[in-house]
Amino acid sequence: MSTNQAKPMTPATFATAAVAKRALERVFDDVYDAGKGEIKKRFRRWKATRQIDTLYKQLKAVRMVKTIWQTEKAVDLSKFYYPTKVEMDGKRQVINDLSDLGDIGNPVVE
């Protein structure tokens, strides 16, 4: 049996972690407020990068879907999606949006 197993967080440990997080946030806020010019720019860029990373992870999660063939595990939609094609006026066209159909009245999709 390993002695390096993770122990469950107790309420006291959780509270201590929350206080430490708030203290660290205050330090960052103080550094930001005290900083001038380049330091402020770099700090803003760092915060923006963190937000971009978070947004990327959220968008990536939206693309993950379960399929008929993969019911247990989510698969990236871009790995198997095939764009819809419609034959119009004797030519096959890729349809990405309803507006790609043009003004054809009331289309019936089969």
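**Reading a predicted fold: a dialogue**

Trainee: Which helices each supply at least two residues of the nonpolar patch?

Mentor: Helix 1 (11-34) and helix 2 (38-63) each do so. Helices (H or I, at least four residues) and strands (E, at least two) are DSSP runs numbered from the N terminus. A patch takes residues with over 30% relative accessible area and no salt bridge, joining like charges within 9 Å and nonpolar side chains (Val, Leu, Ile, Met, Phe, Trp, Tyr) within 5 Å. In this structure the members are Leu24, Val27, Phe28, Val31, Ile39 and Trp46. Together they offer about 540 Å² of accessible area, computed by the Shrake-Rupley method with a 1.4 Å probe, where only the protein chains shown count as cover for residues. Helix 1 contributes the most, with 4 residues, and Leu24 has its place in that helix.

Trainee: What conventions apply to the model?

Mentor: This is a predicted model, in which local features need pLDDT of at least 70 and side-chain atom pairs count only at pLDDT 80 or more, while totals for chains, interfaces and linings use all residues. Residues are numbered from 1 along each chain as its sequence is written, and side-chain values use heavy atoms, with hydrogens and water left out.

Trainee: How is confidence to be read, and which elements have the lowest and the highest mean pLDDT?

Mentor: pLDDT is the predictor's confidence in each residue, from 0 to 100. Where pLDDT is low, the predicted coordinates should not be read in detail. For this protein the mean is 75, and 77% of residues reach 70 or more. Helix 1 has the lowest mean among the elements, 68, and strand 2 the highest, 88. Over residues 1-6, pLDDT stays under 50, and the model has 0 contacts (heavy atoms within 4.5 Å) beyond four places in sequence there.

Trainee: What is the overall architecture, and how many helices and strands are there?

Mentor: The protein has 3 helices and 4 strands, arranged along the sequence as α-α-β-β-α-β-β. Among contacts between residues at least 6 apart in sequence, 0% join residues at least 24 apart. The accessible surface comes to about 10,700 Å², with 57% of it belonging to carbon and sulfur atoms.

Trainee: What share of the residues counts as buried?

Mentor: Buried means under 20% relative accessible area, exposed over 50%, and partly exposed in between (1.4 Å probe, protein chains only). Of the 110 residues, 7% count as buried. As a partly exposed case, Ile104 has a relative accessible area of 47% and lies in the segment after strand 4 (91-95). Ile104 and Met88 are 16 residues apart in sequence, and their C-alpha atoms are 9.9 Å apart in space.

Trainee: Which residue forms a salt bridge with Asp76?

Mentor: Side chains of opposite charge can pair when their charged atoms come close. The criterion is a side-chain nitrogen of Lys or Arg within 4 Å of a carboxyl oxygen of Asp or Glu. By this rule the count is 1 salt bridge. The partner of Asp76 is Arg63, with the closest N and O atoms 2.5 Å apart. This pair links distant parts of the chain, since Arg63 is in helix 2 and Asp76 in strand 2, 13 residues apart. Arg63 is partly exposed at 38% relative accessible area, whereas Asp76 is buried at 10%. Beyond four places in sequence, Asp76 touches Arg63 and Met64.

Trainee: Which backbone nitrogens do the side chains of Asp76 and Thr67 approach?

Mentor: A polar contact is a pair of N or O atoms within 3.5 Å; within protein, one must be able to donate a hydrogen and the other to accept it, and residues adjacent in sequence count only if both atoms are side-chain atoms. The Asp76 side chain reaches the backbone nitrogen of Ser78 at 3.1 Å. For Thr67, a polar side-chain atom lies 2.9 Å from the backbone nitrogen of Gln70. Thr67 sits in the loop between strand 1 (64-65) and strand 2 (75-76), and Thr67 counts as buried because its relative accessibility is 17%.
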